[in-house]
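Subject: Structure handover

Hello,

I am passing a structure on to you, as agreed. Please open it first; my notes on what was found follow below.

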Amino acid sequence: MFRIAYVNGRYLPHAAARVHVEDRGYQFADGVYEVCEVRHGRLVDERRHLDRLARSLSELRIAMPLARAALGVVMRETVRKNRVRDGIVYLQVTRGVASRDHGFPPPGTRPSLVVTARAIDPVKQAALAEAGIAVVTVPDNRWERVDIKSIALLPNVLARQAARDRGAREAWFVDQDGLVTEGSATNAWIVTAAGRIVTRPAEFGILRGITRAVVLEIAAKQGLKVEERPFSVAESHAAREAFATAASQIVMPVVEIDGRPIGDGRPGPVARALRARFHDSAECS
Ligand code: PDD
């Protein structure tokens, strides 16, 4: 399929889209990103994704590459040019191109902006959610600022591959106290035997997921019992249900953790219901 990528002000054929070898994203992973769901050609939760982008950038002292409204226009235009009806739009901002030096580049160096979009087959995604996914646990060896959506994702890359090598789709990071933090690219949830939905608080050790925030709102509206607290690997093994959330997969039921079936080994009713109701509560624009 013919694809287009936005690179620093230009829409280019995907195959010809390039950044400079001295882009700081390429050399230092000095940048941040966002992934926003596209549904029926519209952006899901754009406002919250751009809020988080602004926060990530400000934590790293990188300037916004464009005004917020212009970023929205570029994301939409990239979606339109790629004829993506359902899928994701990816946005990346780095500290720009400069002669290699660990310290910040000279004032006035312009941040680099790349936007791409990709279709995801909703039928295949639905089939995956019907089957549920397997997860493995791995030690969390990331830096402390995982609240910043940085493009420095080496531990996440290695964790995801460790999952694949063990026949699973996602890896859940576990901290030094044996508590689950989050997935390599998802937030982690369980439903206890008593029917309580549990997910780690967003203050420390995880990315404040947008999908997570919407799911918490849905759960509150439905009067479901939610506990924002850390949970252990042992607790996840004994859970009635488990699931993962991210813009790229919404609510994805987890049916196996470390080779052990969760509940009856099939997607549970809480995860299924949250998935079914998600787009009633998400903002589409
Ligand atoms: N990942 N935790 C991590 C480490 C993530 O990378 C992500 C998102 C999430 C979920 O956040 P949200 O609900 O805002 O998508 C949690 C994106 C989808 C990715 O890297 O592809």
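**Notes on the model**

A213 is partly exposed, with a relative accessible area of 23%; the cut-offs for that class are 20% and 50%. Please keep in mind that this is a predicted model. A213 sits in helix α6. Its C-alpha atom and that of E46 are separated by 13 Å, and the two residues are 167 apart along the chain.

**The ligand**

Helix α6 (210-221) also takes part in the surroundings of the ligand, where it supplies at least two residues of the shell. The other elements that each supply at least two are β3 (31-39), α2 (46-59), β9 (180-183) and β13 (241-246). In total, 20 residues surround the ligand. The closest of them are Y33, E182, I210, T211 and A247. By class, the shell holds seven nonpolar, ten polar and three charged residues.

Where does the ligand lie with respect to domain 1 and domain 2? Domain 1 covers residues 4-120 and domain 2 covers 125-281; both give residues to the shell, so the ligand lies between them.

These polar atoms of the protein and the ligand may be worth displaying:

- I210: a polar backbone atom is 2.8 Å from an oxygen atom of the ligand.
- A247: a polar backbone atom is likewise 2.8 Å from an oxygen atom of the ligand.
- K149: here a polar side-chain atom is involved, 3.3 Å from a nitrogen atom of the ligand.

On its own the ligand has 480 Å² of accessible area, and the protein covers 91% of that.

**Aromatic pairs**

There are four aromatic pairs in the structure. One of them is formed by Y6 and Y11, with 5.2 Å from centre to centre. The angle between their planes is 65 degrees, and the pair is edge-to-face; this follows because planes over 60 degrees apart are given that label. Is each partner buried or partly exposed? Y6 counts as buried because its relative accessibility is 6%. Y11, at 29% relative accessibility, counts as partly exposed.

**A contact of helix α8**

H279 belongs to helix α8, which runs over residues 269-281. The side chain of H279 makes a polar contact with the side chain of R39, at 3.2 Å. With 19% relative accessibility, H279 counts as buried, because the class takes in values under 20%.

**Two residues with positive phi**

Most residues other than glycine have a negative phi. Which residues have a positive phi here, although they are not glycine? Two can be named: D45, with a phi of about 60 degrees, and D258, with a phi near 55 degrees.

D45 is in the loop between β4 (42-43) and α2. At 2% relative accessibility, D45 counts as buried. D258 is also in a loop, the one between β14 (250-257) and β15 (260-261). D258 has a relative accessible area of 25%, so it is partly exposed.

**Where to begin**

If you want a starting point, I suggest the ligand, with I210 and A247 in view, since a polar backbone atom of I210 and one of A247 each lie 2.8 Å from an oxygen atom of the ligand. After that, you could look at the loops that hold D45 and D258.

Regards

How values were computed. Residues are numbered from 1 along each chain as its sequence is written. This is a predicted model: local features need pLDDT of at least 70, side-chain atom pairs count only at pLDDT 80 or more; totals for chains, interfaces and linings use all residues. Side-chain values use heavy atoms; hydrogens and water are left out. A residue is near a molecule or strand if one of its heavy atoms lies within 4 Å of it. A polar contact is a pair of N or O atoms within 3.5 Å; within protein, one must be able to donate a hydrogen and the other to accept it, and residues adjacent in sequence count only if both atoms are side-chain atoms. Accessible areas come from the Shrake-Rupley method with a 1.4 Å probe; for residues, only the protein chains shown count as cover. Helices (H or I, at least four residues) and strands (E, at least two) are DSSP runs, numbered from the N terminus. Ala, Val, Leu, Ile, Met, Phe, Trp, Tyr, Cys and Pro count as nonpolar, Asp, Glu, Lys and Arg as charged, and the others, Gly among them, as polar. Domain bounds come from an automatic or database domain assignment. Rings of Phe, Tyr and Trp (its six-membered ring) pair if their centres lie within 6.5 Å; planes under 30 degrees apart count as stacked, over 60 as edge-to-face and the rest as tilted. Buried means under 20% relative accessible area, exposed over 50%, partly exposed in between (1.4 Å probe, protein chains only).
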